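Thanks for asking me to look at this one with you. Here is my note, in numbered points, so that you can follow along in your viewer.

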Amino acid sequence: MDTTNDILALAASNQRRAYEILGELRLREAWQEAGGRAEVVGSLRTGLLMKHLDIDLHVYTPAPLHVEESFAAMARIAAKPGIRRVEYANLLDAEDGCLEWHAQYEDRDGRMWQIDMIHLAEGSPWEGYFERVADRIAAVLTPETREAILRLKWETPDGEKIPGIAYYRAVLEGGVRSYPEFTTWLREHPAEGIVEWMP
């Protein structure tokens, strides 16, 4: 998996599969039936999904948030074949001001996907913010920076938990192009909490 073509092909394949899973699990529809609107964010929205298989959604419902409505949507999702695990966190009194869901899904090929769903109230300070960040990143990518980001993600050891925004900022703002440079950059720019950065 060293050639540029291999890396780009894997990213494109994972991107297609992620959108198929969105449809197969009817993730957006499950939230719509609970009165919500689900928006794709993160690496799937930027087109930079690599070997860490994840689907990130931000879900908005009218304020105030009702825990029961969130559980109703997740009950529909949890009942789908392939959903192996669901985790929930109530962060309404934290900086996030959200209900957080994490599901693990085993696809038809036996690959495990993480599906993160962040449930926010309409009018939240974060409403639309991460959509705009992802769209801006996608807009400023060049073929060279896209490849640099995907290669860094590919070269990251399995099990390392590094938020996507760290890769994007390192490449687009920091000029990082190699994994050793990236580890140095990370030490100098730790990604903690909610990282507010947009190119």
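The points below go from the whole chain to its sheet, its helices and a few single residues.

1. **The model and its overall form.** Please keep in mind that this is a predicted model. The chain has 8 helices and 5 strands, and along the sequence they come in the pattern α-α-β-α-β-α-β-β-β-α-α-α-α. Its radius of gyration is 17 Å, close to the 16 Å expected from the globule rule for 199 residues, so the chain is as compact as a globular protein of that length. The C-alpha trace spans about 45 × 35 × 30 Å along its principal axes.

2. **Burial and contact range.** Buried residues make up 43% of the 199 in the chain. If you take the contacts between residues at least 6 apart in sequence, 63% of them join residues at least 24 apart.

3. **The sheet.** The 5 strands form an open sheet with mixed pairing, in the order β1-β2-β5-β4-β3. Which strands stand at the edges? They are β1 (37–41) and β3, and because each has a single partner strand, one side of each is left without a neighbour in the sheet. From one strand to the next, the twist averages 20°.

4. **A parallel pair inside the sheet.** Strands β2 and β5 (residues 112–121) run parallel and are joined by 8 bridges. If you want a place to check the register, D56 stands opposite D116 in β5. Helix α4 packs on the sheet, where it touches β3, β4 and β5, and its direction makes about 170° with that of β3.

5. **The antiparallel hairpin.** Strands β3 (residues 83–91) and β4 (residues 98–106) run antiparallel, with 8 bridges between them. Here E87 stands opposite H102 in β4. The hairpin has 6 residues between its strands, and G97 takes a positive phi near 60°.

6. **A buried serine in α4.** Is S70 buried or exposed? This residue of helix α4 has a relative accessibility of 0%, which is under the 20% cut-off, so S70 counts as buried. Apart from neighbours within four places in sequence, S70 is in contact with W31, L99, W101 and H119. Of these contacts, L99 and W101 fall within the residue range of β4, while H119 falls within that of β5.

7. **Packing of α5 on α7.** Two packed helices are described by the angle between their axes and the distance between the axes. For α5 (residues 129–140) and α7 (residues 164–172), the angle is about 40° and the axes are 12 Å apart. The crossing of these two helices is left-handed. On the α5 side the contact is made by V133, I137 and V140, which meet I165, Y168 and L172 in α7. By class, this contact has 6 nonpolar residues, with no polar and no charged ones. An α-helix has 3.6 residues a turn, so residues three or four places apart point the same way. The spacing of V133, I137 and V140 along α5 is worth viewing with that in mind.

8. **The buried residues of α7.** Which residues of α7 are buried? They are I165, A166, Y167, Y168, A170 and V171. Besides α5, the helices they pack against are α3 (42–46), α6 (143–155) and α8 (179–188).

9. **Two backbone points to check.** Most residues other than glycine have a negative phi, and most peptide bonds are trans. R26 has a positive phi of about 50° although it is not a glycine. R26 sits in the loop between α1 (4–24) and α2 (27–32) and is partly exposed, at 38% relative accessible area. The other point is the cis peptide bond between A63 and P64, with omega of about -5°. P64 is placed in the loop between β2 (54–61) and α4 (67–78).

10. **A glycine in a loop.** Finally, have a look at G110, in the loop between β4 and β5. G110 counts as partly exposed, with a relative accessibility of 42%. Its C-alpha atom is separated by 9.2 Å from that of G82, although the two glycines are 28 residues apart along the chain.

Definitions and conventions. Residues are numbered from 1 along each chain as its sequence is written. This is a predicted model: local features need pLDDT of at least 70, side-chain atom pairs count only at pLDDT 80 or more; totals for chains, interfaces and linings use all residues. Side-chain values use heavy atoms; hydrogens and water are left out. Axes are lines fitted to C-alpha atoms, for helices over the stretch in contact, and angles run from 0 to 180 degrees between N-to-C directions. Helices (H or I, at least four residues) and strands (E, at least two) are DSSP runs, numbered from the N terminus. A crossing is left-handed if the near helix is turned anticlockwise from the far one by less than a right angle, and right-handed if clockwise. Contact means heavy atoms within 4.5 Å. Ala, Val, Leu, Ile, Met, Phe, Trp, Tyr, Cys and Pro count as nonpolar, Asp, Glu, Lys and Arg as charged, and the others, Gly among them, as polar. Buried means under 20% relative accessible area, exposed over 50%, partly exposed in between (1.4 Å probe, protein chains only). Two strands pair if DSSP finds at least two bridges between them. The radius of gyration is taken over C-alpha atoms; the globule rule is 2.2 Å times the number of residues to the power 0.38.
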